[in-house]
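Here are a few exercises to work through with the model open beside you. Try each task before you read its solution.

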Amino acid sequence: MAQFPRRDYSGPPRKPPVSADPAPAAHTAWEGQAGWYDKHQGDGGADLYQTVLLPAVLKRLSAKKGQRVLDVGSGQGVLGRALAHLGVDAVGVEASPSLVAAAQGRAGAHEKYVLGDARDLAAALPGQAFDHAAALMVLQDLEPILPVMQGVAKMLAPGGRFVIALTHPCFRQPKRSAWGWDDDRRQQYRRIDGYLSMYQTRIATHPGALPGTPEAALQTVSTHRPLAAYIEAAGAAGLGITGCDELTNPRRGTKGTRFAAEDLAAKEIPLFLVLTAVRLR
Ligand SMILES: C[S@@+](CC[C@H](N)C(=O)[O-])C[C@H]1O[C@@H](n2cnc3c(N)ncnc32)[C@H](O)[C@@H]1O
């Protein structure tokens, strides 16, 4: 598998230090924000989930009534509930005990949530098999990803799909990408300050939070890797990429003289990526 250079762009030393090695028990920064996240998603998902992410992931999964779907890093169960509404049996694995409790508290008959590490799925769900699997906004939150891909591949039959939704690694690198305004050309552009190096950094959980509010202080750790790292890890695990959706943020330009240019950039530059992989052998 290809090796990608690692660099740390996050500035002064981080506390606590972030390890790139798999921990025996998964630690997730999301445990500290489980209450906020559960409220933010609610039963049906936040706006972005309802309008963009859930429709794209459900379409690619195309799970049928009665099938079993593994939800890797299931959070408070937003995907599991959407699947259960379709009569699909959803099983989530999640590292945050509070999010497992929240998911279980909202769960209906077709859902089950288990505390575990996505990098050791065999330990979390011994002997289980699934028709399809998904990881919705999760793989950029953990490292390494190869054991996740391998664990999923082992639980799928040949032809089973693994749908992976991410912030777009080409256009949305944490702390190394931003919208910019070119006054001469009257154009909104996307500034990219780095791409090929892999790095981990702390980011605001809720970038839209009002400064000074408790929500504005919430942080999680995000991992950037180039697109090739996802495709290579999938291939090394026996998963072949068969689909790729590049999704834009429905939030459009602010009212004002830049509206048309901002709107064009928002429609043209995708901030989310959904990869569909199938188990090959
Ligand atoms: C951005 S949240 C997404 C949650 C859910 N999929 C959703 O879309 O709402 C990322 C989730 O990954 C979980 N996570 C991070 N590392 C994990 C690991 N090693 N094993 C299992 N879950 C993990 C976090 O606890 C968090 O719930």
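Is S62 buried or exposed, by its count of C-beta neighbours inside 10 Å? Before the solution, two notes on the model. It is a predicted model, in which local features need pLDDT of at least 70 and side-chain atom pairs count only at pLDDT 80 or more, while totals for chains, interfaces and linings use all residues. Residues are numbered from 1 along each chain as its sequence is written.

**Exercise 1. Settle the case of S62, then treat R186 in the same manner.**

Step one is the rule: a residue is buried if 20 or more other C-beta atoms lie within 10 Å of its own, exposed if 12 or fewer, and partly exposed in between, with C-beta atoms placed from the backbone. S62 has 11 C-beta neighbours inside 10 Å, so S62 counts as exposed. Step two is the backbone: phi of S62 is near 45°, a positive value in a residue other than glycine. Step three is the location, the loop between helix 2 and strand 1 (68–72); helices (H or I, at least four residues) and strands (E, at least two) are DSSP runs, numbered from the N terminus.

Now R186: phi is near 50°, again positive in a residue other than glycine. R186 sits in the loop between strand 6 (177–182) and strand 7 (187–192), and R186 is exposed, with 11 other C-beta atoms within 10 Å.

**Exercise 2. Find the buried residues of helix 1 and say what they pack against.**

Start with residues 34–41, which form helix 1: A34, Y37, D38 and Q41 are buried. Looking down the axis of helix 1, these buried residues fall within an arc of 100°, so they line one face of the helix; the arc is that of the directions from the helix axis to the C-beta atoms. The face turned away from the buried side carries the exposed residues G35 and K39. Next, the partners: the buried residues pack against helix 2, helix 3 (78–85) and helix 4 (97–106), where contact means C-beta atoms, placed from the backbone, within 7 Å. Finally, helix 1 is followed by G42, whose phi is positive, near 60°.

**Exercise 3. Repeat the analysis for helix 7.**

In helix 7 (residues 227–236), the buried residues are A229, Y230, A233 and A234. They fall within an arc of 130° seen down the axis of helix 7, so they line one face of the helix. Their cover includes helix 6 (146–155), strand 5 (161–167), strand 10 (239–247) and strand 11 (272–279). After helix 7 comes G238, whose phi is positive, near 85°.

**Exercise 4. Trace the pairing of strand 11.**

Begin with burial: 7 of the 8 residues of strand 11 are buried. Then take its partners; strands pair if DSSP finds at least two bridges between them. Strand 5 runs antiparallel to strand 11, joined by 7 bridges, and A165 stands opposite V274 in strand 11. Strand 10 pairs with strand 11 in the antiparallel sense over 8 bridges, with L239 opposite R279.

**Exercise 5. Which residues does I164 contact, leaving aside its neighbours within four places in sequence?**

The contacts are A135, L139, Y230, V274, L275 and A277. To finish, look up the cis peptide bond: it joins E143 and P144, with omega about 0°. P144 is found in the loop between strand 4 (132–136) and helix 6.

How values were computed
Two residues are in contact if their C-beta atoms, placed from the backbone, lie within 7 Å.
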